[in-house]
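Here's a quick tour of a protein model, with an eye on its charged pairs. Have the sequence and the 3D view open while you read.

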Amino acid sequence: MEGLLQLEKVQRVLSLMGSRGLSDPTADGGGGDRFLAHFLLFLVQPFDSLTVEKKILLVSELLREVNSDTLEEVQHLANLEGTKGGGEVRIILPSPSDQDISSGHLLRPTKKFKMNTDKLTIQDVPMIGFDAMTRANSTLEDFCRSYFIFHGLDIDKPQAVFKFLPFLSFTESYIYQLDASNEDSLLLVPDKYPSAVLERKKIASTEASLSDMLDPLDNLLQCQGLMTDQLRNELKSGIQYWSLERKLCQALSRNDKISIEDVMKAIHLKSFDYRVLNLMMYQLTGQQVCKSLSFFPIKLNPSQII
C-alpha cells in the first residue's frame with residue numbers, strides 16, 4: 001500500500017496549502033497544486049546535513065538562474081543516462097518484440113512465448129529495474145526465513161538458498177515491477193473524472209494492461225514446469241489487489257468515502273506474492289502441496305478480525 005500512503009501524504013500537504021493560501025489559483029484540475037505538494041515533500045526529505053533553511057536558500061538562488069533551456073538540457077542528460085543501462089538488470093525472458101524499460105516502469109506484454117535462449121539477443125529480452133530487485137530483496141529474505149523450514153530446507157545453508165534463488169528472485173522482482181507500474185498509474189489519475197463511465201473504462205483498461213504484463217511470467221513458469229492452476233489463481237489475486245489499491249487511492253485523493261470491505265479485502269490480498277512463492281517452492285522441491293500451508297499468509301474474513 002505504498003502508493004496509498006504516498007497519496008495520503010500528498011493529500012495532507014494539499015490541505016495545508018489550501019489553508020495557508022498557497023494553492024495555485026490558475027491550476028487546471030489540480031495538477032499545479034499536486035506538483036507543488038510533491039516539491040514541498042521533496043524539500044523536507046533529509047539530505048546530508050542540510051537544514052530546511054539552507055535548502056530554501058539554495059532553491060531560491062537556483063530558480064533565479066534556471067530557465068526552460070536549462071531544464072531541457074537537464075532532461076536531455078537524464079535521458080542519456082537512462083540509455084546507458086547502468087541502473088538496470090537485464091533478465092532473460094524471450095519476447096517476439098523489442099523491449100525497452102527503465103527502472104520502475106512497466107514490462108511489455110508478450111502474447112506468445114517460446115523458450116529458445118540460444119537465439120536470443122539483448123533486444124529480445126525484457127528488463128527488470130534495479131529498484132524492483134532491491135525492493136524485492138527484503139521480501140525474499142523474509143520469505144526464506146519464514147517458509148523454508150516448511151519445505152525441509154535450512155536457511156543457514158547457502159546452497160539451499162541459492163539453488164532456488166533465480167526462480168524466487170525473478171518472480172518477486174517481476175511482481176514488484178508491476179507494483180511500481182500500478183503506483184505510477186496512480187500519479188496519472190486526475191482529481192475528477194468527467195463521468196463514472198470514463199472511470200470504469202480507465203480501471204478496466206489498467207486491469208487488462210497489468211493482466212497482460214503477467215503473461216511473460218506465466219509463460220516462463222509454464223516452461224519451467226512450475227505453473228499450476230492454484231498458482232495462476234494467486235497471480236490473478238494480485239491483479240485484484242492492485243485494482244483495489246487504485247480504487248482506494250483515487251477515493252482518498254477525491255476525499256470520497258472508503259469502503260471498509262474494500263480495505264479488508266485489500267489487506268487479505270496484499271500478501272499474494274508470499275503465497276505465489278510458497279506454491280512455487282512445492283513445485284521446485286517436488287512435494288505435494290500442503291493445504292494447511294498453501295494459503296499462508298492466512299486469508300481472514302472481516303468477522304474473524306477483532
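Which side chain meets that of Arg-254 in a salt bridge?

## A pair to start with

That would be Asp-256: its side chain and that of Arg-254 form a salt bridge, with N to O at 3.2 Å. Keep in mind that this is a predicted model. The two partners sit in rather unlike surroundings. Arg-254 has a relative accessibility of 14%, so it falls under the 20% cut-off and counts as buried. Asp-256, at 37% relative accessible area, is partly exposed.

## The overall layout

Stepping back, the protein chain has eleven helices and two strands. Reading from the N terminus, the order is α-α-α-α-β-β-α-α-α-α-α-α-α, so the two strands come one after the other, with helices before and after them.

The chain has 306 residues, and 37% of them count as buried. Its accessible surface is about 18,400 Å², with carbon and sulfur atoms making up 57% of that. As for how the chain meets itself, take the contacts between residues at least 6 apart in sequence: 75% of these join residues at least 24 apart.

## A buried bridge between two helices

Side chains of opposite charge can pair when their charged atoms come close. In this model there are seven salt bridges, and one of them joins Asp-179 to Arg-135, at 3.1 Å from N to O. Asp-179 belongs to helix α6 (residues 158-186) and Arg-135 to helix α5 (residues 130-147), so this bridge ties together parts that are 44 residues apart in sequence. What about cover: are these two buried or exposed? Both Asp-179 and Arg-135 turn out to be buried.

## A network that includes helix α9

Now look at Arg-232, which makes a salt bridge with Asp-229; their closest N and O atoms are 3.8 Å apart. Both residues belong to helix α9 (residues 229-253), and because they are three residues apart there, about one helical turn separates them.

Accessibility sets these two partners apart. Asp-229 has 60% relative accessibility and counts as exposed, while Arg-232, with a relative accessible area of 22%, is partly exposed. The pair also has company: Asp-218 joins Asp-229 and Arg-232 in a network of salt bridges.

Definitions and conventions:
Residues are numbered from 1 along each chain as its sequence is written. This is a predicted model: local features need pLDDT of at least 70, side-chain atom pairs count only at pLDDT 80 or more; totals for chains, interfaces and linings use all residues. Side-chain values use heavy atoms; hydrogens and water are left out. Helices (H or I, at least four residues) and strands (E, at least two) are DSSP runs, numbered from the N terminus. Buried means under 20% relative accessible area, exposed over 50%, partly exposed in between (1.4 Å probe, protein chains only). Contact means heavy atoms within 4.5 Å. Accessible areas come from the Shrake-Rupley method with a 1.4 Å probe; for residues, only the protein chains shown count as cover. A salt bridge is a side-chain nitrogen of Lys or Arg within 4 Å of a carboxyl oxygen of Asp or Glu.
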